[in-house]
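Biologist: I have a model open and want to read it with you. Shall we take it one question at a time?

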Amino acid sequence: MRQTALFILTALAEIVGCYLPWLVLKQEKTAWLLVPAAVSLALFSWLLTLHPAAAGRTYAAYGGIYIAVALIWLRYVDGVTLTRWDVAGACVALLGMAIIVIQPRA
């Protein structure tokens, strides 16, 4: 459970760090948003170091959580209704993440 919460926090830091520059470039918001974006991406990088598995395995497992969190962001921040395909894709990604995380340790 702790690892999942860490994955979610990591995903949120990455999404915020990428969403704020998107607002600056696509919606002509103030360039000052790039400051918290940089802080958020630095936080994202630091959070990745807190994961217990090898970096490659962490990135692979993180991808499933990232997909789910990005779709939640799409729904609640961007206000876009998710399709059943969105939900199915997130479920497949989370299943893949679970397989990677739960694998037996040698």
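Biologist: Is Trp22 buried, partly exposed or exposed?
Modeller: This is a predicted model, so the value is computed from predicted atoms. The relative accessibility of Trp22 is 38%. Buried means under 20%, and exposed means over 50%. Because 38% lies in between, Trp22 counts as partly exposed.

Biologist: Tyr19 and Trp22 form an aromatic pair; is that pair stacked or tilted?
Modeller: A pair of aromatic rings is described by the distance of the centres and the angle of the planes. For Tyr19 and Trp22, the centres are 5.7 Å apart and the planes meet at 20°. Planes under 30 degrees apart count as stacked. The pair of Tyr19 and Trp22 is therefore stacked.

Biologist: Which helix holds both Tyr19 and Trp22?
Modeller: The two residues are three apart, which is about one turn of the helix. The element that holds both spans residues 2-26. It is helix 1.

Biologist: What kind of aromatic pair do Phe44 and Tyr62 form?
Modeller: Their ring centres are 6.0 Å apart, and their planes are 40° apart. Under 30 degrees would be stacked, and over 60 would be edge-to-face. An angle of 40° fits neither, so the pair of Phe44 and Tyr62 is tilted.

Biologist: Which helices does the pair of Phe44 and Tyr62 link?
Modeller: The two residues are 18 apart, and their pair links distant parts of the chain. Phe44 belongs to the helix of residues 34-49, and Tyr62 to the helix of residues 55-76. Both residues are buried. The helices linked are helix 2 and helix 3.

Biologist: Which residues do ring pairs link into a cluster?
Modeller: The structure holds five aromatic pairs. Phe44 and Tyr62 are among the cluster members. The full cluster is Phe7, Phe44, Tyr62 and Tyr66.

Biologist: Which helix supplies the largest share of the largest nonpolar core?
Modeller: In soluble globular proteins, nonpolar side chains tend to be buried together. Here the largest nonpolar core has 18 residues, and Phe7, Ala11, Phe44, Tyr62, Ile65, Val69 and Met97 have the most contacts inside it. Helix 1, helix 2 and helix 3 each supply at least two residues. The largest share, eight residues, comes from helix 1.

Biologist: How many helices does the protein chain have?
Modeller: From the N terminus on, the elements run α-α-α-α. There are zero strands. The count of helices is four.

Biologist: What percentage of the residues is buried?
Modeller: The C-alpha atoms fill a box of roughly 50 × 35 × 20 Å along the principal axes. The protein chain has 106 residues. Buried residues make up 29%.

Biologist: Is Trp32 buried or exposed?
Modeller: Trp32 sits in the loop between helix 1 and helix 2. With Val35 and Val39, Trp32 makes a nonpolar surface patch of about 370 Å². The relative accessibility of Trp32 is 68%. Because that is over 50%, Trp32 counts as exposed.

Biologist: Which residue has a positive phi of about 55° although it is not a glycine?
Modeller: Look in the loop between helix 1 and helix 2 for Glu28. Glu28 is exposed, with a relative accessible area of 72%. The residue with that positive phi is Glu28.

Biologist: Why does His51 count as buried?
Modeller: His51 lies in the loop between helix 2 and helix 3. From His51 to Gln3 is 48 residues in sequence, yet 7.3 Å in space, C-alpha to C-alpha. The cut-off for buried is under 20%. His51 counts as buried because its relative accessibility is 6%.

Biologist: How far apart are the C-alpha atoms of Gly96 and Gly64?
Modeller: Gly96 is in helix 4, residues 84-102. Gly96 is partly exposed, with a relative accessible area of 28%. Gly96 and Gly64 are 32 residues apart along the chain. Their C-alpha atoms are separated by 6.8 Å.

Biologist: Over the ring of which residue does the charged end of Arg75 sit?
Modeller: A charge counts as over a ring only if it is within 6 Å of the ring centre and within 35 degrees of the ring normal. The charged end of Arg75 is 5.6 Å from the centre of the ring. The ring belongs to Tyr76.

Conventions. Residues numbered from 1 in each chain as written. Predicted model: local features only at pLDDT ≥ 70, side-chain atom pairs only at ≥ 80, totals over all residues. Heavy atoms only, no water. Phe/Tyr/Trp six-rings, centres within 6.5 Å; stacked < 30°, edge-to-face > 60°. Buried < 20%, exposed > 50% of the residue type's maximum accessible area, 1.4 Å probe, protein only. Patch = residues over 30% accessible without salt bridge, like charges linked within 9 Å, V, L, I, M, F, W, Y side chains within 5 Å. Areas by Shrake-Rupley, 256 points an atom, 1.4 Å probe, with all protein chains shown as cover. Salt bridge = Lys/Arg side-chain N within 4 Å of Asp/Glu carboxyl O. Core = buried A, V, L, I, M, F, W, Y, C linked by side-chain atoms within 4.5 Å.
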